[in-house]
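Hello,

Here is the structure you are taking over. Please look through it first; my notes follow below.

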Amino acid sequence: MKYIDEFRDGEVAKGIAAAIRQEARPDRRYHFMEFCGGHTHAISRYGVSDLLPENVRMIHGPGCPVCVLPIGRVDQAIRLALEQGVTLCTYGDCLRVPASEHLSLLKAKAKGGDIRMVYSSADAVALAQKHPEKQVVFFAIGFETTTPPTAVAIKQAKALGLANFSVLCCHVLTPSAIASILESPEVRQWGTVPLDGFVGPAHVSTIIGSRPYEFFAEEYRKPVVIAGFEPLDVMQAIRMLIRQVNEGRAEVENEFARAVSREGNLKAQQLVAEVFELRKAFEWRGLNVIPYSALKLRREFAEFDAEERFALDYRPVPDHKACECGAILRGVKKPQDCKLFGTVCTPENPIGSCMVSSEGACAAHYTYGRYKDV
Amino acid sequence: MCLAIPAQVIELRESDNAVVDLAGVRKEISLALVEDVAVGDYVIVHVGYALNKLDPEEAEKTLALFAELGESTALP
Ligand code: SF4
């Protein structure tokens, strides 16, 4: 496929790998975090780590939407379906996220909940239109890529005057998560997570642009290179990061210029600003409660806010005791450090959220590199 | 679910929709988030929406850079 296959060419990968080996100085180590689950997936699937010299290490970041979704939020969705009898629509990846009482949305469905997988937010609106007798709730999760589609759906519902559509909004913000990593004691105080730079998100950046990362480069002196999701993109970004480190620079560079500009997608940003405002605080799985790190519906759209309509309260729930997802999401531990990895916890029967989606560190590691030190 | 792919627009439809070609599969998506998209353009498709247009010139530049790297490192 055009714009995909050319960016996966194995021969070219060897060339970039050779360039990386030439540029990485043997007398130092390089630690880069790939923020996005999409990059984690690409790195694991294409064995990018195997092509890197031993002194260049990749750390998985928290940019996997289902991985950072806390149990309490999934519980809310399950309560809506089982107790309030709503038709709950959500993206497929959410269905197997472990929740309280050994439940997940999939298991709640088996217990009789009307839970449906949708491909797009527009499908949820269409369902509400078709079934005026049903309350349809869209369980909206994800970073800045899925937020604009949710905004469009809410505006559509308003234009159509739908009284039976609402959104359980769990949209979160990438810059907040990066800041929380940089502010974590492991990075700031103890230095147990050495971090020399970030591979910046691909598709999130198509929306928000490269500008929001400039703060991290300036304030924290960390280079950021925005990269596309194909393996050659990731490798080239790693090479650009190595070069910045070698030259003592901390800048925002854009490897993904074919889709990302400094400003980003202004139309999408405007739609989001029209429909959503910042939440004062939001709990993330693994990163705890982060102030101003997520979105909720503006007052003008309150009638479409499921939390308001169904008077939902939020109850935080701790993760499974043995699950190391929290530490993995902060780059402190690796999947194989978890006692449950690959034995009790597998993609078929995930105990923690990192084992659910193919972008989760545990699932990617299990599927593509279980016996390797990725 | 962050995975999104470039796809070519093959037909514009009403209410801001378009048909794209995803590896031979035709799919209707929404253009509500993008502007000035024409038939033949490539867009990045994610959860049924085009997130952005793809710039073919920039793509060529990136590929040319990759190729150059491969050649320069292949020399002894
Ligand atoms: S292997 Fe399972 S239980 Fe362990 S950290 Fe990963 S998701 Fe959590």
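**Interface of chain A and chain B**

In contact across the interface (heavy atoms within 4.5 Å) are 47 residues of chain A and 37 residues of chain B. This is a predicted model, where local features need pLDDT of at least 70 and side-chain atom pairs count only at pLDDT 80 or more, while totals for chains, interfaces and linings use all residues. Residues are numbered from 1 along each chain as its sequence is written, chains are lettered from A and ligands numbered from 1 in the order in which they are written, and side-chain values use heavy atoms, with hydrogens and water left out.

The two chains bury about 3600 Å² between them, 69% of it on carbon and sulfur atoms; buried area is the accessible area (1.4 Å probe) lost on putting two parts together, summed over both. The rule finds 0 salt bridges across the interface, a salt bridge being a side-chain nitrogen of Lys or Arg within 4 Å of a carboxyl oxygen of Asp or Glu. It does find 10 residue pairs in polar contact, both residues at pLDDT 80 or more. A polar contact is a pair of N or O atoms within 3.5 Å; within protein, one must be able to donate a hydrogen and the other to accept it, and residues adjacent in sequence count only if both atoms are side-chain atoms.

**A residue of chain A**

A:His60 is found in strand E2 (residues 56-63) of chain A; strands are DSSP runs of E, at least two residues, numbered from the N terminus. The side chains of A:His60 and A:Glu34 are joined by a polar contact of 2.5 Å.

Regards

Technical notes
Helix = DSSP H or I, 4+ residues; strand = E, 2+ residues; numbered from the N terminus.
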